[in-house]
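Colleague: I should like to go through this structure with you, beginning with the aromatic residues. Could you put it on the screen?

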Amino acid sequence: MRRWSEVVSGAAGIAAVFVLAMGAGAETCKLEMKKTDPSVRAGPDGTPIEVFFRYSQPQSFVIRLSADGGRVVPPAGEEKKPGFSEVVKTEPAAYAAEEPLRGVVKLGNQYFGFVLDSVVAKEDAEAESADKPAAKPAAEPEKDAAPNTETKQGDAAKAAAAAAIRQLARLRDPAGDASSRGGVRSTALAGAGGARVPTYNRLYFDSNHNGDLTDETAIEAQSAHSAAVGYASSNFPAVDVALDFDGTKVDYSFRMYVTIRRTANVTLATGGLTAAAYREGEIAIDGKKRRVVLVDGNSNGRFDDAPTFAGVSYRTFGDMVYLIDPETKIGYGNPYDPTTNHFQHPVGKWLSLSGGLFDLTVSPAGDTLSIAPSTAPAGTVSNPNAGYRALVRGPEGALKITGDASGNAAVPVGAWQLASYTIDRTDDAPAEEPQTNPICKPARRARPAVRIAMPAARLLAPPPIPYTIASGRVTSDYKAVTVAAGKTVALPFGPPYEPVVTAVLRKGKEGEPLAAIGLTLLGAGGDRCTGLSLRGERPEKPTFVITTEDGKEVASGNFEYG
């Protein structure tokens, strides 16, 4: 996953503060469905927060072509879906593709069938025909003359070369590609073994859920292209569909994409659909209205899914709730990590806001949301890095917590495992460069010795917002903490970080010995630092020096990020 570090519009390094005094009753709001707007993008003043609402994990599919008759390969851990023939009973009489792709997705509580077809544009069909040399009548050889195999082989080679040149010319000539002018062109390039790779640029989707694709309007790809031999991809515009939640029809929207990759052994179609709609409303907290947004984070049509985990990683990415104070300036954020901002929380049983614990209730359709002070027994976790934001997970879901001035946060009783965190020290960062890095301990010495220098940040240019941030994730060695009612327990993570060097010996191309050296920053709980920003810039690359046991220098250099 790429690092997401845009700055939201009107940003400033000011922490969001929610003052919650809701009393004993719950606050409930109605949320309306809105479509995401792909035209909203980052500008000179930053990234509008609406961009965050477009970020969802896709509901993906994988289909193996040809070798085993278009068999659908379900992603690991996915619940079993009904077969295509169980969902779709009537199809168009014929498809343009020799091998249309058939699949099933689940939206809300219903299963929908779809077919991806490959419609070759006229110019591609003509080009494909041009690639094939015209058949010529065979000349009758002279009697008793030996066949001229050299001439026949030369003609075949020339024809093949001419076809390759025409194919290359079509690739290199952007004026001949409608997609470069904003249109759609179905381009199919030769894959392994010379077979052409289809571009699936037409979608039939059973949007009315009646099992009949013949009454659906075919959806043409918004963009389709082939960037390399054996590769093709298509992206489709938003598709509107009505979902049924216990007899109530709810509007929803998604976008679909598909990519074809061919190797010598198999052709795979990988694709998915991503949410193209979110829920929005307002809720009164302490008599003050706040903007509420629900995002379908796993693109399944529901808005009440909590994230699930496998080990230290996500098994499924859950839905997100945004609580936005209109008077608070909003800064750095990553839509896939709620600890990187003040306004984003995973959907779950609880919310932790301004040191208090609250019950969260979201309807499956996402049309209603309620927040109420929680009566669940709770304790406190503590960390010396005041103002941290951390994502913790337990048997009943995930919870984002924010430390108060003392580094304390309320958490329900039970066993809780740290998942990720962000520590913002922007307000504490000195104006001038410190002589030493304030967040790192000296490196461990090894034999042969490796000396590590962790430099302070050097600003190449004044950044828009000089954030000083450290973020990290746990490793498999991290131990869960048990929270007891009315008690405080330490939740260790974060700086001061300890640089740990690892070295792996291997052989080079000529058999010479090589050492691959890696540097990891480990936090107080054995957590791994995944991101650093000192006054808006990455720290300079750490340097290393390798010496023998008697102190003789044998090598030196810089570590690289990534």
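Colleague: Are Y95 and Y204 buried or exposed?

Modeller: In this predicted model, both Y95 and Y204 are buried.

Colleague: How many aromatic pairs are there in total?

Modeller: The count comes to 15 aromatic pairs. One of them joins F52 and F343 in an edge-to-face arrangement, with 5.5 Å centre to centre and 65° between the planes.

Colleague: Where do F52 and F343 sit along the chain?

Modeller: F52 is in the loop between β2 (32-35) and β3 (59-65), while F343 is in the loop between β18 (320-324) and β19 (344-346). The two residues are 291 apart, and the pair links distant parts of the chain. Both F52 and F343 are buried.

Colleague: And the geometry of Y95 and Y204, what is the angle between the planes?

Modeller: The planes of Y95 and Y204 are at 70°, and the pair is edge-to-face with 5.8 Å centre to centre. Y95 lies in the loop between α1 (84-87) and β5 (101-107) and Y204 in strand β7 (residues 202-205), so this pair ties together parts that are 109 residues apart in sequence.

Colleague: Which residues do ring pairs link into a cluster?

Modeller: The cluster consists of F52, F53, Y278, Y322 and F343, linked by ring pairs.

Colleague: What lies over the face of Y561?

Modeller: R538 does, at 4.3 Å from the ring centre of Y561.

Colleague: Let us turn to the strands. What is the order in the open sheet of 5 strands?

Modeller: The order is β2-β14-β15-β18-β19, and the pairing is antiparallel. β2 and β19 stand at the edges with a single partner strand each, so one side of each has no neighbour in the sheet. On average, neighbouring strands of this sheet are turned by 30° against each other, direction ignored.

Colleague: How many bridges join β2 to β14?

Modeller: There are 4 bridges between β2 and strand β14 (residues 277-285), and the two run antiparallel. K34 stands opposite Y278 in β14. Y278 also belongs to the ring cluster.

Colleague: One last topic: which strands form a hairpin with 5 residues between them?

Modeller: Those are β35 and β36. Strand β35 (residues 543-547) and strand β36 (residues 553-558) run antiparallel and are joined by 5 bridges. V545 has S556 in β36 as its bridge partner.

Colleague: Which residue in the turn has a positive phi?

Modeller: G551 does, with a phi of about 95°.

Conventions
Residues are numbered from 1 along each chain as its sequence is written. This is a predicted model: local features need pLDDT of at least 70, side-chain atom pairs count only at pLDDT 80 or more; totals for chains, interfaces and linings use all residues. Side-chain values use heavy atoms; hydrogens and water are left out. Rings of Phe, Tyr and Trp (its six-membered ring) pair if their centres lie within 6.5 Å; planes under 30 degrees apart count as stacked, over 60 as edge-to-face and the rest as tilted. Buried means under 20% relative accessible area, exposed over 50%, partly exposed in between (1.4 Å probe, protein chains only). A charge sits over a ring if NZ of Lys or CZ of Arg is within 6 Å of the ring centre and within 35 degrees of the ring normal. Two strands pair if DSSP finds at least two bridges between them. Axes are lines fitted to C-alpha atoms, for helices over the stretch in contact, and angles run from 0 to 180 degrees between N-to-C directions.
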